[in-house]
Amino acid sequence: MPVKMGRSFVLGAVARELRSGVLVLDSNARVLYANPYILRYLTFKPDERVEGRELSSIISNPILLKTVGSVLALEGDISNEAVKPGPEETGPVEIEIEIEEAGRSFNVRGVPINENEDFTLLLFLSDITEEKRLESIKRDFVANVSHELRTPLAAIKGYSETLLDGGVDDEKTSREFLRVIDRHATRMSRLIDDLLTLSRLESQQMSIITTPVDLRELLSSTEKSFVKHAGDKGIELSAEIEDDLPVVSGDRDRLEQVVVNLLDNAIKYTPEGGSVRLRAGVENSTIKVEVVDTGIGIPEADMPRIFERFYRVDKARSRDLGGTGLGLAIAKHIVQGHNGTLNVKSSPGVGTTFSFTLKAF
Ligand SMILES: Nc1ncnc2c1ncn2[C@@H]1O[C@H](COP(=O)(O)OP(=O)(O)OP(=O)(O)O)[C@@H](O)[C@H]1O
Ligand SMILES: [Mg+2]
């Protein structure tokens, strides 16, 4: 620090540059100082001076006003000779509350300072909106996982109890029930596999090992593996893959997982008589893979959310089709891990196109 730089100049710069709000109030709840960070959340015009104004004229939050009011009232009582605190008593204590203001969440810490009869209340406001958002994602995630596991587990338990209660004596019933149990157990194990994949991808434990991948071969073999499934559903499946598709740099198994997810969705959400096309070619020196279907489409309102974990447009329908809503979340992570992007265009009742880009090796 240059020797000449004054202490108050430096403190002013600290308060100005802080990424949290600082408000200093006097004993009448008037503003003595507000740092620039907090100004954007207060209701007053930029050309007005904030100093000297009452707190209630710049913040309407009732919880904050009430808390500050009670701290100041306590200070008033203490300054009153009759109720001066004894030596063991201290003045008003530090407070900590959470408030919602201007659509964001803040943690507010209030520190009263008494110095030579002068009283000031320092308020520090930290924006905790992002922390709260992550907390709620975590809570939703646990609730979703529990719910998804409970459904198949309840079926397994119900059917096995019926078998134990005598259902096993009838061979036809036993076979049928065992098939249901097997189906639900498969669903649970798929869900757990998907969750593990997702969590490894997110925590970057599952590194994407890039090697030269023959994309043409990968796409046509994946397409072939769906021919029977599509045929059974009365859907015409075809592939248009450019002959001279360059070798790409990627993780073969993970890329295959993306294509499987997209083809599986396209077939799942296309009614009988429709078609699904897998296309790949070079566009502006990147390689573009597309899965085009003539299915039910995705409503505009759901578009921003379909890549979220567990998000399904029609929960009941998707669950009946065996979906857990993790496929696209996984696919997006894998594509991003390859420095590409996964995009979607859709028109309800007409069809959907998912596409992703990859770089040549
Ligand atoms: N091609 C598509 N056409 C219409 N809707 C689609 C299509 N692909 C995905 N969706 C919608 O997006 C949701 C999320 O897809 P995602 O693949 O993540 O889940 P899922 O297919 O339901 O389950 P999972 O992939 O885990 O088996 C689906 O539930 C469906 O509502
Ligand atoms: Mg899917």
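1. In what order do the 5 strands of the open sheet with antiparallel pairing stand? In this predicted model, the strands of that open sheet follow the order S2-S1-S5-S4-S3, and the pairing is antiparallel. Strand S2 (31-34) and strand S3 (95-101) are the edge strands, each of which pairs on one side only. On average, and with direction ignored, neighbouring strands of this sheet are turned by 25 degrees against each other.

2. Within this antiparallel sheet, strand S4 (residues 104-115) and strand S5 (residues 118-127) pair over 10 bridges in the antiparallel sense, and Pro 112 stands opposite Leu 121 in S5. Helix H4 packs on the sheet, where H4 touches S3, S4 and S5, and the direction of H4 makes about 135 degrees with that of S4.

3. The helix that packs on this sheet also has a helical partner, since the axes of helix H4 (residues 129-164) and helix H5 (residues 171-202) come within 9 Å and cross at roughly 160 degrees. That crossing angle makes H4 roughly antiparallel to H5, and H4 passes H5 in a left-handed crossing. The contact draws on residues of both helices, including Phe 141, Val 145, Leu 149, Leu 153, Ile 156 and Tyr 159 of H4, and including Phe 177, Leu 178, Ile 181, His 184, Met 188 and Leu 195 of H5. Sorted by class, the contact of H4 with H5 has 18 nonpolar, 4 polar and 2 charged residues.

4. Aromatic rings deserve a separate point. A pair of aromatic rings is described by the distance of the centres and the angle of the planes. For rings with centres within 6.5 Å, the count comes to 5 aromatic pairs. In one pair, the rings of Tyr 159 and Phe 177 have their centres 4.9 Å apart and their planes at 85 degrees, so the pair is edge-to-face. This pair links distant parts of the chain, with Tyr 159 in helix H4 and Phe 177 in helix H5, 18 residues apart.

5. A further open sheet, also of 5 strands, has the order S7-S9-S10-S12-S11, and its pairing is mixed. Strand S7 (236-241) and strand S11 (342-347) stand at the edges of this sheet with a single partner strand each, so one side of each is left without a neighbour in the sheet. From one strand to the next, the twist averages 15 degrees. At the S7 edge, S7 and strand S9 (residues 275-283) pair in the parallel sense over 6 bridges, and the bridge partner of Ser 238 in S9 is Arg 277.

6. Two helices lie across parts of the mixed sheet. Helix H6 (residues 215-232) lies across S7, S9, strand S10 (286-293) and strand S12 (351-358), and runs at about 170 degrees to S7. Helix H9 (residues 327-337), by contrast, lies across S11 and S12, and runs at about 135 degrees to S11.

7. Helix H6 also packs against helix H7 (residues 252-268), at an angle of about 35 degrees and with the axes 10 Å apart, and H6 passes H7 in a right-handed crossing. Among the residues that meet are Leu 218, Leu 219, Thr 222, Phe 226 and His 229 in H6, and Leu 255, Val 259, Val 260, Leu 263 and Ile 267 in H7. Taken by class, the residues of the contact of H6 with H7 divide into 9 nonpolar, 3 polar and 5 charged.

8. Helix H7 packs with H9 as well, at an angle of about 145 degrees and with their axes 9 Å apart, and here H7 passes H9 in a left-handed crossing. On the H7 side the residues in this contact include Leu 255, Val 258, Asn 261 and Leu 262, and on the H9 side they include Leu 328, Ile 330, Ala 331 and Ile 334. The residues of the contact of H7 with H9 divide into 8 nonpolar, 4 polar and 1 charged.

Definitions and conventions: Residues numbered from 1 in each chain as written. Chains lettered and ligands numbered in written order. Predicted model: local features only at pLDDT ≥ 70, side-chain atom pairs only at ≥ 80, totals over all residues. Heavy atoms only, no water. Pairing = 2+ DSSP bridges. Helix = DSSP H or I, 4+ residues; strand = E, 2+ residues; numbered from the N terminus. Axes fitted to C-alpha atoms, helices over the stretch in contact; angles between N-to-C directions. Contact = heavy atoms within 4.5 Å. Parallel < 35°, antiparallel > 145°, perpendicular 65-115°, else oblique. Left-handed = near helix turned anticlockwise from the far one by under 90°. Nonpolar A, V, L, I, M, F, W, Y, C, P; charged D, E, K, R; others polar. Phe/Tyr/Trp six-rings, centres within 6.5 Å; stacked < 30°, edge-to-face > 60°.
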